[in-house]
Amino acid sequence: MTALQLDRPLDPRLAPIRDKVVAGQRLDHADGVTLFETQDIFTLGALANLVRERLHGRRAYYNINRHINYTNFCVLSCKFCAFYRPYDPAGNHAADAYEMTVEEIADAAAEAASRGATEVHIVGGLHPKLPFSYYADMCRAIRTRCPALHIKAFTAIEIVHFTRIARPRMSIAEVLTALRDAGLDSLPGGGAEIFDDRVHAEAFKTKVGEHHWFDVHRVAHELGIPSNATMLYGHIETPAERVTHLLKLREHQDESLTSRQAAFNCLVPLSFIPDGSVLAHLPGPTGLDDLRTLAASRLILDNVPHIKAFWIMQSPKLSQVALNWGVDDFDGTVVWYDITKREGQGTTSQELTVDQIKRLIREAGCEPVERDTLYRRVVRRTP
Ligand code: V47
C-alpha cells in the first residue's frame, strides 16, 4: 500500500511534499497546512511512516513508568484544564482537592520501582503555599530511596513558578541546578499548549507565555538536561497555528542540536479532552484529526527523534493505529493519572500492563522495545 500510495497520491497537492520528504528536505509552513487540510489520509500516513521507518525501522518503544501528580491546587484557572482546584486560604477546599507529602510521593515512586518502573513522571498544579524546598526534598527523597529511577519532573510552567516562590528568588538556571543536584534527570514537555498570542489570550491567559516555556527548555538544554515538548491540539486553535507551533519547536531544536548540551527527545501531541473543563462545549478532536496531527507532526518536526502517542489522551486503540502513521513511542504503563480521566472512566487509576502494550504494538506489525527515558533499550533478565 505504501509504495502505491506514494506513487499516486489521491490529493495532487501531496506530490511536491512527497518529493521533499523522499529527498529528505524540510517542509515549510504552507506544506504543513496542506498536511492538516488534506483528506488523503493514506498518503499522509505513508509519508509519515516513511520517515518513521527511516529513523526507527519497525521498532515501537514503550516504558514502565508511573505518573505522580503531587497536588491539584493551582493558582491558575486555564480554560482547557479540568484538573486544577482553587486554593482557599480559609481552608474551604473542594472535597477532591489534595496535596501529597514528600513521603507519600517517595512511597509511590518506591512502589513503582519495585514493580519494575524505570521512570517517574511528576507534575502538579502551581501551589500557592508549598515552598521551593518541598520540590527539592521530593527529588532528594526519591533519589535516596530509588537511586536508579529516572526522575522526569516539572513542566516549564512549574519551573517558572519555583523561580518566583524561592526565597531569595532564583533564576531558571539556579532552580534547575538545585533540582538536578537533588536528583532531577529531565523535564517533561507539558505546558507548551499552542504557541500563539491569540490562543494564549483566549484559553490560558493567566499562564506564562511561550517565551517562558522556551527560556526554561533553552536553559535546561544549556545545562545538559534533556526534555520533551508537547502540543495541546483540538480546542480553539487553527491548523495554521498548529503548524506555527511545530515550526517554533523545530527552530529551538535546531539551536539545541548545534549549540547546547541537550535537546528534545520527543514530541508528545496531546489530544484535547474537553470533559470537565470550561471548554466542555467543544467536541474535541476526532480520530482522524488525531491521526493527521500525529502524522503531520512527524513530517514537520524532522529534527526531533521520537513522536509519542500518549494513550491516556489519544486512547490505546488510536495510539495503536498511529504506530503506522508516524508514531514510534507508545509511552508507558502510567498507572495513575489525574490531569485527564477518560481512560479510567473517571478515576485516577489508568494503567496498561506491559503485556497489553506489547500486544497492541505487535498487532500493528511493530517490534516492542522497552526503553528508558533516554530511549536506551532496557534489557531484563528473564526470571
Ligand atoms: O501541561 C491539560 C495538558 C499536559 C488537558 O513529556 C490536557 O513525556 C488534554 O505534558 N486535555 C500534561 N490535555 C501532560 C504532559 C505529558 C504527558 C505525557 C508525556 C509527557 C512527556 C508529557 O496535559 C498539560 C497540558 O498541556 N492538558 N488539560 C485536557 N483537558
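The shell around the ligand in this predicted model is made up, by class, of 11 nonpolar, 8 polar and 3 charged residues. Of the 22 residues around the ligand, those that come nearest are Lys152, Gly189, Glu193, Ile273 and Lys308. Two elements of secondary structure can be picked out here, since strand S5, residues 227-233, and strand S6, residues 264-271, each supply at least two residues of that shell. The space that the ligand takes is also the largest pocket of the model.

Some contacts with the ligand can be followed atom by atom, and three of them involve the protein backbone. At Gly189, a polar backbone atom lies 2.8 Å from an oxygen atom of the ligand, and a polar backbone atom of Gly191 is likewise 2.8 Å from an oxygen atom of the ligand. A nitrogen atom of the ligand, for its part, has a backbone N or O atom of Phe80 at 2.9 Å. Taken on its own, the ligand has 620 Å² of accessible area, and the protein covers 96% of this.

From the ligand, the reader can turn to the sheet to which S5 and S6 belong. This is an open sheet of 3 strands in the order S5-S6-S7, and its pairing is parallel. Its edge strands are S5 and strand S7, residues 306-307, each of which pairs on one side only. Strands of a sheet pair through backbone hydrogen bonds, and they may do so in a parallel or an antiparallel way. Between S5 and S6, which run parallel, there are 6 bridges, and in this region Ser227 stands opposite Phe264 of S6.

Two places in the backbone deserve a separate look. As a general background, most peptide bonds are trans, and most residues other than glycine have a negative phi. The bond that joins Arg167 and Pro168, however, is a cis peptide bond, with an omega of about -5°. Pro168 is found in the loop between helix H7, residues 156-165, and helix H8, residues 172-182. The second place is Phe154, a residue other than glycine whose phi is positive, near 75°. Phe154 lies in the loop that runs between strand S4, residues 150-153, and H7.

Conventions
Residues numbered from 1 in each chain as written. Predicted model: local features only at pLDDT ≥ 70, side-chain atom pairs only at ≥ 80, totals over all residues. Heavy atoms only, no water. Near = heavy atom within 4 Å. Polar contact = N/O pair within 3.5 Å; in protein donor to acceptor, adjacent residues only side chain to side chain. Areas by Shrake-Rupley, 256 points an atom, 1.4 Å probe, with all protein chains shown as cover. 1 Å grid on protein atoms, 1.4 Å probe; cavity = no way out; pocket = protein on both sides within 12 Å on 5 of 7 lines; lining within 4 Å. Sits in = over half its atoms within 2 Å of the grid points. Helix = DSSP H or I, 4+ residues; strand = E, 2+ residues; numbered from the N terminus. Nonpolar A, V, L, I, M, F, W, Y, C, P; charged D, E, K, R; others polar. Pairing = 2+ DSSP bridges.
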